[in-house]
Every structure is written in structure tokens, then in C-alpha cells.
Amino acid sequence: MAFLPDIDPRTPNGIFVPFFGRPAYTTTVPVNLARSTKSPMHLAMLVREGKGYRLVTHFHFQEEWTEDREGDIRRNTEKMT
């Protein structure tokens with residue numbers, strides 16, 4: 001499953017987090033899903049190369065889960081973004 005966190009989802013399932021120094025409304029669905037299923041998150045990005053793109057998938061994302069659900073969602077959404 002893939003999510004594009006830097007696109008305004010226009011849903012109530014998001015929070016404002018820093019994005020290149022500016023607050024951006026960002027979906028919390030990937031972090032909520034990973035937390036509730038105890039599944040790892042793997043981050044990837046497309047890098048422009050000439051007239052095309054290359055998929056880079058070696059980003060390591062270390063989730064941090066505690067008893068503080070709201071804090072976990074905020075902290076990990078900020079890290080993801």
C-alpha cells in the first residue's frame with residue numbers, strides 16, 4: 001500500500017507537521033495503520049533522472065511506539081514527513 005504524505009488529503013485524518021520549514025496538513029493514516037497492526041513502515045521516493053524517475057526504496061524508518069497514542073502519531077508522522 002502506498003501513501004503520498006506531502007499531498008493535502010482534505011480529510012479529518014491528518015495533522016499539521018513541519019514540511020520544509022512550513023506547517024503542512026499531513027495524513028496520519030500510514031502511521032495509524034502501522035501502529036494498530038504493528039507493521040513496519042518502509043519509505044520510498046521518486047528521484048527525477050533525465051526524462052524519467054528512479055524509485056529509491058532504501059530509506060529506513062524506525063517507528064517509536066509508547067503508551068501515548070497521540071504522541072506516537074504526531075512524532076512518527078513528523079519523522080515520516
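**Exercise 1. Work out how Lys79 and Glu64 are related in this predicted model, starting from their side chains.**

Solution. Begin with the side chains of Lys79 and Glu64, which meet in a salt bridge with an N to O distance of 3.4 Å. The pair links distant parts of the chain, since Lys79 lies in helix α2 whereas Glu64 lies in the loop between β4 and α2, 15 residues apart. Next, consider accessibility, where partly exposed covers the range between 20% and 50%. Lys79 counts as partly exposed because its relative accessibility is 38%, and Glu64 counts as partly exposed because its value is 36%.

**Exercise 2. Find which further residue forms a salt bridge with Glu64, and place that pair in the network to which Glu64 belongs.**

Solution. Glu64 also forms a salt bridge with Arg75, and here the closest N and O atoms are 3.2 Å apart. This pair, too, links distant parts of the chain, with Glu64 in the loop between β4 (52-60) and α2, and Arg75 in helix α2, 11 residues apart. Arg75 counts as partly exposed because its relative accessibility is 28%. Widening the view, one sees that Arg35, Glu64, Asp72, Arg75 and Lys79 are linked in a network of salt bridges. For the structure as a whole, the search finds six salt bridges.

**Exercise 3. Explain how Arg74 and Glu78 are placed relative to each other in helix α2.**

Solution. Both residues lie in helix α2, four residues apart, which is about one turn of the helix. An α-helix has 3.6 residues a turn, so residues three or four places apart point the same way. The side chains of Arg74 and Glu78 meet in a salt bridge, at 3.6 Å from N to O. Arg74 is partly exposed because its relative accessibility is 35%, and Glu78 is likewise partly exposed, with a relative accessible area of 35%.

**Exercise 4. Determine which residues of helix α1 are buried, and what they pack against.**

Solution. In helix α1, which spans residues 29-37, the buried residues are Pro30, Val31 and Ala34. They lie on the same side of α1, because they cover an arc of only 95° around the axis. The buried residues of α1 pack against β2 (22-27) and α2 (69-80). After α1 comes Lys38, whose phi is positive, near 55°.

**Exercise 5. Describe how strands β1 and β2 are joined, and which residue between them takes a positive phi.**

Solution. Strand β1, made of residues 14-19, runs antiparallel to β2, and six bridges join the two. Within this pairing, Phe19 stands opposite Arg22 in β2. The hairpin of β1 and β2 has two residues between the strands, and in this hairpin Phe20 takes a positive phi near 55°.

**Exercise 6. Identify the residues that form a nonpolar patch on the surface, and decide whether Leu46 is buried or exposed.**

Solution. The patch is formed by Leu46, Tyr53 and Leu55, which together have about 370 Å² of accessible area. Leu46 lies in strand β3, which covers residues 42-49. Exposed means over 50% relative accessible area, and Leu46 counts as exposed because its relative accessibility is 59%.

Notes: Residues numbered from 1 in each chain as written. Predicted model: local features only at pLDDT ≥ 70, side-chain atom pairs only at ≥ 80, totals over all residues. Heavy atoms only, no water. Buried < 20%, exposed > 50% of the residue type's maximum accessible area, 1.4 Å probe, protein only. Arc of directions from axis to C-beta. Contact = heavy atoms within 4.5 Å. Patch = residues over 30% accessible without salt bridge, like charges linked within 9 Å, V, L, I, M, F, W, Y side chains within 5 Å. Areas by Shrake-Rupley, 256 points an atom, 1.4 Å probe, with all protein chains shown as cover. Salt bridge = Lys/Arg side-chain N within 4 Å of Asp/Glu carboxyl O. Pairing = 2+ DSSP bridges.
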